[in-house]
Amino acid sequence: MSPSRGAAADRGTLAELSSQLAGAVERAGNAIVAIHARKRIPSSGVVWRDGIIVSASHTVRRDGEIPVTLPNGDSVRASIAGRDAQSDLIALRLPPGVGKAHVAPRADADALRVGSLVLAVGRPGRDVSASFGIVSAIPDAWRTWQGARIDRVMRLDLSIYDGFSGGALVDASGAVLGVNNSALARGTPMALPAAAVDRVVDELLERGHVRRAFLGVAVQPVMLPSALVQRLGLAHETALMVMSVADDSPAERGGLLVGDVLVAVDGAALRRPTDLLDALSHGKPGASLALRVLRAGSLETVSVTPADRAPRAEGG
Amino acid sequence: MPSSFGIGRRASSSASALAQFLRDAVVEVRCGAAGGDAGAGTGIVWGGAGLIVTNAHCVARDAAIAIRSGNRTSDATLIALHRGHDLALLAAPTVRGPMLEARDPLSLRPGELVFAHGHPLGVQDALAMGVLHAVVPDARSGEPRWIVADVRLAPGNSGGPLVDAEGRLLGINSMVVNGLGLAVPTPLVQRLVDHALSRRAA
């Protein structure tokens with residue numbers, strides 16, 4: 001016998017929520033594919049647009065034609081449109097006419113808040129599976145372990161199981177909020193918001209890679225002597241010392257030297273290496289930057305024009 | 001801002017009502033290996049009275065088995081052990097509990113709420129909530145072999161019930177693999193119970 005009648009009215013709420021969550025998984029599952037591109041279990045992917053699948057780049061360990069299992073069980077081969085290491089995203093192209101019925105519904109990103117109920121939906125095989133939790137935090141700006149900055153990445157209180165990276169984070173109605181990835185933060189469950197995924201997908205489809213402005217320097221923060229800081233009227237005590245300049249790089253062409261201390265870029269103070277990374281990520285390759293450089297005791301301005309970091313060959 | 005927090009309150013109170021119900025449906029199983037310290041797991045009162053189902057790994061053939069139900073402790077005897085499915089059937093004549101309804105594993109949908117009740121890490125009567133992750137079929141027969149749940153289980157949960165939002169039994173929690181909770185499906189358990197009882201009667 002089910003629990004007493006007294007509790008039956010209350011029981012309806014849980015049962016209703018339960019049913020709704022299962023419905024959300026079913027709705028989202030219609031847009032989740034299995035990607036067979038590594039020795040271990042398959043990874044998950046999301047049909048992001050008509051004919052386009054998005055997944056986590058690190059789970060696709062080969063190039064060329066990638067076997068994909070669609071929600072209806074059909075097996076197809078997708079081709080790689082492009083990868084971006086910084087966001088760990090990959091875009092795959094389905095054969096013409098395939099995937100139209102499976103495009104993922106999108107959630108209203110503005111409705112997302114800390115505490116929102118969310119589901120991670122994956123297909124690490126034939127069938128769809130899920131995990132459940134809440135959005136734990138939505139830090140304004142957050143860095144991957146490599147230093148790349150991602151806006152409004154979602155930190156999750158749920159489990160991203162084996163094969164779930166590349167799958168969808170959905171709200172309680174099954175609409176997609178982002179793409180799950182446990183590799184962005186060395187195991188912490190995170191999801192890249194849909195808007196960020198869109199930007200990356202746009203570029204991957206247009207040019208096969210995401211342009212990343214690149215200078216060709218390695219830098220290290222250094223403390224400047226206070227006498228020098230005072231004499232030069234600097235606003236901060238730490239700056240970035242150039243430790244190496246890559247051959248044939250924008251930094252070399254601009255005339256940067258090992259030992260130069262980078263103090264500001266386009267007027268913005270450079271205190272930490274991430275300040276330089278941020279300036280580069282805001283700029284576009286081809287648009288010059290004015291670097292304020294401390295060289296041999298005096299300040300100079302050096303103009304550099306970042307180039308597009310060449311897309312690295314990955315996978316395979 | 002939501003106009004009220006009614007749904008949250010109702011969901012919380014029905015979760016605690018479920019916990020209360022399950023408290024009456026489970027027992028603590030303590031098994032003393034010869035001369036050693038007792039391990040503890042959870043057991044389910046089967047068929048309303050006198051029978052306890054738990055995991056085989058919670059008990060040992062020649063050791064004393066004690067059942068704690070509410071405030072009372074009693075002895076239990078081992079009727080049947082099935083190591084392949086990690087199930088054990090115990091007789092505990094004085095133990096009573098509510099009849100649990102069975103939930104057909106084939107009707108389960110990924111994402112639906114599931115609840116595990118037991119005594120994890122020595123904590124008495126703890127409830128964990130999660131969702132169904134998948135139902136894994138037996139490779140040969142195609143019948144449900146494992147109920148896999150996205151739920152946090154710990155040692156001590158073994159032998160306890162995995163139920164749905166309405167308190168219907170999905171299976172017996174048996175192990176954790178890669179963070180996922182695995183339960184032996186109810187039909188499998190029922191089959192073994194029926195078989196053991198018919199052999200006993202014969």
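Which residues have the most contacts inside the largest nonpolar core? Keep that in mind as you read; the notes below get to it straight away.

1. First, a caveat: this is a predicted model. On to the core. The largest nonpolar core has 87 residues, and A:Trp48 and B:Trp46 are the ones with the most contacts inside it. So there's a tryptophan from chain A and one from chain B to look up in the viewer.

2. Click on B:Trp46 and see what surrounds it. Not counting neighbours within four places in sequence, B:Trp46 is in contact with B:Leu51 and B:Val53, then with B:Leu169 and B:Ile172, and finally with B:Thr186, B:Val189, B:Gln190 and B:Val193. Apart from the 87-residue core lies another core, this one of 18 residues, including A:Leu256, A:Leu291, A:Val302 and A:Val304.

3. Now for chain A as a whole. Chain A has 316 residues, and 50% of them count as buried. Its secondary structure adds up to five helices and 22 strands. Measured out along the principal axes, its C-alpha trace spans about 85 × 50 × 30 Å.

4. A word on how chain A is wired together. Take the contacts in chain A with a separation of 6 or more: residues 24 or more positions apart account for 59% of them.

5. Next, the place where the chains meet. Chain B puts 32 residues into the contact and chain A puts in 27 residues. Between them the two chains bury about 2400 Å², with 58% of that on carbon and sulfur atoms. Three residues deserve a look here: B:Arg109, B:Leu113 and B:His133 supply 21% of the area that chain B buries against chain A, more than any other three residues.

6. B:Arg109 turns up again in the charged pairing. The rule finds one salt bridge across the interface of chain B and chain A. A:Glu26 forms a salt bridge with B:Arg109, and their closest N and O atoms are 2.8 Å apart. As for polar contacts, seven residue pairs are counted between chain B and chain A, both residues being at pLDDT 80 or more.

7. Which parts of chain B make up its side of the interface? Helix 1 (6–25), strand 7 (113–118) and strand 8 (126–137) each supply at least two residues of the side that touches chain A. Helix 1 of chain B gives the largest share, nine residues. By type, the residues on this side of chain B divide into 19 nonpolar, six polar and seven charged.

Note on methods:
Residues are numbered from 1 along each chain as its sequence is written. Chains are lettered from A and ligands numbered from 1 in the order in which they are written. This is a predicted model: local features need pLDDT of at least 70, side-chain atom pairs count only at pLDDT 80 or more; totals for chains, interfaces and linings use all residues. Side-chain values use heavy atoms; hydrogens and water are left out. Contact means heavy atoms within 4.5 Å. Buried area is the accessible area (1.4 Å probe) that two parts lose on being put together, summed over both. A salt bridge is a side-chain nitrogen of Lys or Arg within 4 Å of a carboxyl oxygen of Asp or Glu. A polar contact is a pair of N or O atoms within 3.5 Å; within protein, one must be able to donate a hydrogen and the other to accept it, and residues adjacent in sequence count only if both atoms are side-chain atoms. Helices (H or I, at least four residues) and strands (E, at least two) are DSSP runs, numbered from the N terminus. Ala, Val, Leu, Ile, Met, Phe, Trp, Tyr, Cys and Pro count as nonpolar, Asp, Glu, Lys and Arg as charged, and the others, Gly among them, as polar. A nonpolar core is a set of buried Ala, Val, Leu, Ile, Met, Phe, Trp, Tyr and Cys residues joined through side-chain atoms within 4.5 Å. Buried means under 20% relative accessible area, exposed over 50%, partly exposed in between (1.4 Å probe, protein chains only).
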